[in-house]
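Please examine the charged side chains of the protein shown below. The explanation that follows leads through them in turn.

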Amino acid sequence: MGKHSDKAREVLLDAAEELFARHGIDAVSNRRIAEHAGTANHSAVAYHFGDRDELLRLLLTRHLPEMNRRRMELAAALPEDAEVRDLLACMVLPWIEYLASRPVPSWHARFLFQVQSIPSMSEILKSATVNNTEIESLIQRLQKALSHLPEQVVKGRSLVLGPMVLGISASYEERIQNGENEPNWAGVGYFFVDSCTGMLTAPVTHPDDFISFPNTPYLI
């Protein structure tokens, strides 16, 4: 595929991400995406991506190689018996660094926030995040570091963290756009690392009482 075609795909992806972030997934048509991208070809999305699911899959995965490379760099610098906080930093900071690298306004956190709120997106999310070996390796190390806590409690707490980080990131992204905050993604990232560490390592008052969650894919 030529450079012109690659550029056209990127423009369409950027247009789709913005519109999905602003209006929701189901409220945006392929034609509207093409128009927002500045193309007169209303079939451009179908031409470049085939179908809607492929468009969404690419939007969900186009940032992952960059983030995973960064995760590998951070994880490789840790000792074998790394503490929970350092392992969480490997998971969270590459996501935050990616958001910090985006131009203002950025839309990625808000796009993902829209995606995770739609049950019909679950299969696309799973296909987009399956076999993420860097994440799985960090999860295994976290489980080992938290082995003194009940497994189901750790699982329940872990599944709370993703939506929490994503929701706050989406809100912060919007506040930056509105001029309500000066960008300080690094500060946000370390706030998340500290908060998530506190939640995961907190004492367990009732070991047999916990909230059960369905298995959900990782968004960050």
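**Charged side chains and their partners**

In this predicted model, D86 is partly exposed, its relative accessible area being 31%. This residue belongs to helix 6, which spans residues 84-101. Together with E80, D81 and E83, D86 forms a negative surface patch. Residues qualify for such a patch only with over 30% relative accessible area and no salt bridge, and D86 meets the area condition because its value is 31%.

Other charged residues are paired. Side chains of opposite charge can pair when their charged atoms come close. How many salt bridges does the structure hold? The total is 10, and three of these pairs are described below.

One salt bridge joins E10 to R62, with 3.1 Å between the closest N and O atoms. Its partners come from distant parts of the chain, 52 residues apart: E10 is in helix 1 (residues 3-23), while R62 is in the loop between helix 4 (52-61) and helix 5 (64-76). E10 counts as partly exposed, at 38% relative accessibility. R62 is likewise partly exposed, with a relative accessible area of 25%. Both values fall in the partly exposed class because that class lies between the 20% limit for buried and the 50% limit for exposed residues.

A second pair sits within a single helix. R57 forms a salt bridge with E54, and the closest N and O atoms are 2.8 Å apart. Both residues lie in helix 4, where three residues, about one turn of the helix, separate them. R57 has a relative accessible area of 30% and is partly exposed; E54, at 26%, is partly exposed as well.

The third pair again links distant parts of the chain. E173 forms a salt bridge with R110, the closest N and O atoms lying 2.9 Å apart. E173 is found in helix 10 (residues 151-177) and R110 in helix 7 (residues 108-116), and the two are 63 residues apart. Are these partners buried or exposed? Both E173 and R110 are buried, which means that each has under 20% relative accessible area.

Finally, some salt bridges share partners, and these join E10, D14, E17 and R62 into one network. The pair of E10 and R62 described above thus has both of its residues in this network.

Note on methods. Residues numbered from 1 in each chain as written. Predicted model: local features only at pLDDT ≥ 70, side-chain atom pairs only at ≥ 80, totals over all residues. Heavy atoms only, no water. Patch = residues over 30% accessible without salt bridge, like charges linked within 9 Å, V, L, I, M, F, W, Y side chains within 5 Å. Areas by Shrake-Rupley, 256 points an atom, 1.4 Å probe, with all protein chains shown as cover. Salt bridge = Lys/Arg side-chain N within 4 Å of Asp/Glu carboxyl O. Lys, Arg positive; Asp, Glu negative; His and termini not counted. Charge placed at Lys NZ, Arg CZ, Asp CG, Glu CD. Helix = DSSP H or I, 4+ residues; strand = E, 2+ residues; numbered from the N terminus. Buried < 20%, exposed > 50% of the residue type's maximum accessible area, 1.4 Å probe, protein only.
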